[in-house]
Amino acid sequence: MIRPGSGMLKNPWILYAAIPCAVNLSLVGMYFSGIPWLQHIVVPDLPNMIQAREFGLLENLQNIYLLVMFGIGLYALKTKPYLLEKGAALLFALFAAFVFVEEIDYGLHWIEFINQVPLEEQAEVRNWHNEGERTSIMKDVMTAGTVLVFVIAPFAFRNTRNRLIRYLLPASQYAAGFIGIVLISRLAHYLNDLELGVPGIRQNIGEFRELGMYYIYMMHAYTVAVTRQYDTTPITPEKTEG
């Protein structure tokens with residue numbers, strides 16, 4: 001189901017655990033470094049913008065991951081042979097596109113920046129997911145789903161013979177990646193409580209964990225869409241001796 005020796009899968013520990021943790025830890029280090037130019041790469045110093053963080057590296061890496069996921073969905077829609085796969089790919093691409101436009105506030109920050117809209121006239125309601133309790137509910141659901149799919153399932157179903165589960169099952173190394181991302185997120189929350197960062201994401205410090213989770217989703221989507229094929233060969237009963 002996975003082509004042995006595929007370039008991107010030669011070292012899953014690096015791809016699925018080391019890279020997302022290294023990226024997150026680097027951004028946390030930059031943001032809490034106390035060095036203004038490093039902090040402003042993560043969250044730019046734009047006092048006239050209500051959402052200055054949208055112009056920083058942290059938010060825009062999330063946007064890149066989402067765009068890649070959208071592209072992966074379109075690729076799978078074009079290349080996967082089965083109708084159900086194509087339907088799932090279309091839904092995945094549409095969902096990635098929806099999350100992307102929500103994350104960029106439908107381009108509001110660029111419209112306000114280009115038109116130099118005064119701070120007091122900038123929109124307060126900027127997207128759907130940040131209204132009311134939606135953000136906290138969605139984060140809880142997202143975290144629970146990630147734990148089930150990327151931490152528990154790879155070990156619970158490692159010996160399954162079900163073709164569909166084998167086709168979709170994430171690599172076990174994602175569990176280490178997710179745990180590392182959560183630990184780095186807790187570090188960010190601790191440093192944030194000490195008020196070591198700059199204004200911009202103090203009320204949204206969970207963006208660091210969100211970035212790591214988007215990476216995990218992107219990489220697994222790539223694995224299923226590009227390196228795996230659904231196995232339709234009959235499963236024959238194992239032969240017994242004696």
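Colleague: Let's start with the fold. What pattern does the chain follow when you read along the sequence?

Modeller: Along the sequence, the pattern is α-α-α-α-α-α-α-α-α. Counted up, that's nine helices and zero strands in the chain. Keep in mind that this is a predicted model.

Colleague: Okay, and what box do the C-alpha atoms fill along the principal axes?

Modeller: Roughly 80 × 35 × 35 Å. The chain has 242 residues, and buried ones make up 41% of them.

Colleague: How do I read "buried"? What is the cut-off?

Modeller: Buried means under 20% relative accessible area, exposed means over 50%, and partly exposed is what falls in between. Let's try that on a pair of charged side chains. Glu59 forms a salt bridge with Arg53, and their closest N and O atoms are 2.9 Å apart.

Colleague: Are those two buried or exposed?

Modeller: Glu59 has 1% relative accessibility, so it counts as buried. Arg53 sits at 6%, so it counts as buried too.

Colleague: How many salt bridges does the count come to?

Modeller: One, by the distance rule used here. That rule wants a side-chain nitrogen of Lys or Arg within 4 Å of a carboxyl oxygen of Asp or Glu, and the 2.9 Å of Glu59 and Arg53 is the value to hold up against it.

Colleague: Now cavities. How many of 30 Å³ or more does the structure hold?

Modeller: One. The general idea is that a cavity is a space where a probe fits but cannot get out. The largest cavity here has about 60 Å³ of space.

Colleague: Which residues line the largest cavity?

Modeller: Lys139, Met142, Thr143, Gly206, Arg209, Glu210 and Met213. The elements giving two or more residues to that lining are helix 6 (134-156) and helix 9 (207-227). By character, the lining splits into two nonpolar, two polar and three charged residues.

Colleague: Gly206 catches my eye. Where is its place in the chain?

Modeller: Gly206 is in the loop between helix 8 and helix 9. With a relative accessible area of 16%, Gly206 falls under the 20% cut-off, so it is buried. For a sense of distance, the C-alpha atoms of Gly206 and Thr232 are separated by 41 Å, with their positions 26 residues apart along the chain.

Colleague: What else is in the loop between helix 8 and helix 9?

Modeller: Gly200 is one of its residues. At 35% relative accessible area, Gly200 lies between the two cut-offs, so it is partly exposed. From Gly200 to Leu148, 52 residues away along the chain, the C-alpha distance is 32 Å. Leu196 is in the loop between helix 8 (173-193) and helix 9 as well.

Colleague: Is Leu196 buried, partly exposed or exposed?

Modeller: Partly exposed, because its relative accessible area is 39%. Leu196 also belongs to a nonpolar surface patch of about 470 Å², made together with Leu25, Leu187, Tyr190 and Leu194. A residue needs over 30% relative accessible area to enter a patch, and the 39% of Leu196 can be checked against that.

Colleague: Next, backbone angles. How do I read the sign of phi?

Modeller: Most residues other than glycine have a negative phi. Here you can look at Tyr106, which is not a glycine yet has a positive phi of about 55 degrees.

Colleague: Where is the place of Tyr106?

Modeller: In the loop between helix 4 (83-103) and helix 5 (108-114). Tyr106 is partly exposed, with a relative accessible area of 46%. Gln116 is another non-glycine with a positive phi, near 50 degrees. You'll find Gln116 in the loop between helix 5 and helix 6, and at 69% relative accessible area Gln116 is exposed.

Colleague: Last one: how do I compare separation in sequence with separation in space?

Modeller: Put the two values side by side. Phe113 and Met49 are 64 residues apart in sequence, while their C-alpha atoms are 7.3 Å apart in space. Phe113 lies in helix 5 and is partly exposed, because its relative accessible area is 39%.

Methods
Residues are numbered from 1 along each chain as its sequence is written. This is a predicted model: local features need pLDDT of at least 70, side-chain atom pairs count only at pLDDT 80 or more; totals for chains, interfaces and linings use all residues. Side-chain values use heavy atoms; hydrogens and water are left out. On a 1 Å grid over the protein atoms alone, a cavity is a set of points where a 1.4 Å probe fits but cannot get out, and a pocket is an open set with protein on both sides within 12 Å along at least five of seven lines; lining residues have an atom within 4 Å of a point. Grid points are joined across faces, edges and corners, and a volume is the space filled by probe spheres set on the points. Helices (H or I, at least four residues) and strands (E, at least two) are DSSP runs, numbered from the N terminus. Ala, Val, Leu, Ile, Met, Phe, Trp, Tyr, Cys and Pro count as nonpolar, Asp, Glu, Lys and Arg as charged, and the others, Gly among them, as polar. Patches are made of residues with over 30% relative accessible area and no salt bridge: like charges are joined within 9 Å, nonpolar side chains (Val, Leu, Ile, Met, Phe, Trp, Tyr) within 5 Å. Accessible areas come from the Shrake-Rupley method with a 1.4 Å probe; for residues, only the protein chains shown count as cover. Buried means under 20% relative accessible area, exposed over 50%, partly exposed in between (1.4 Å probe, protein chains only).
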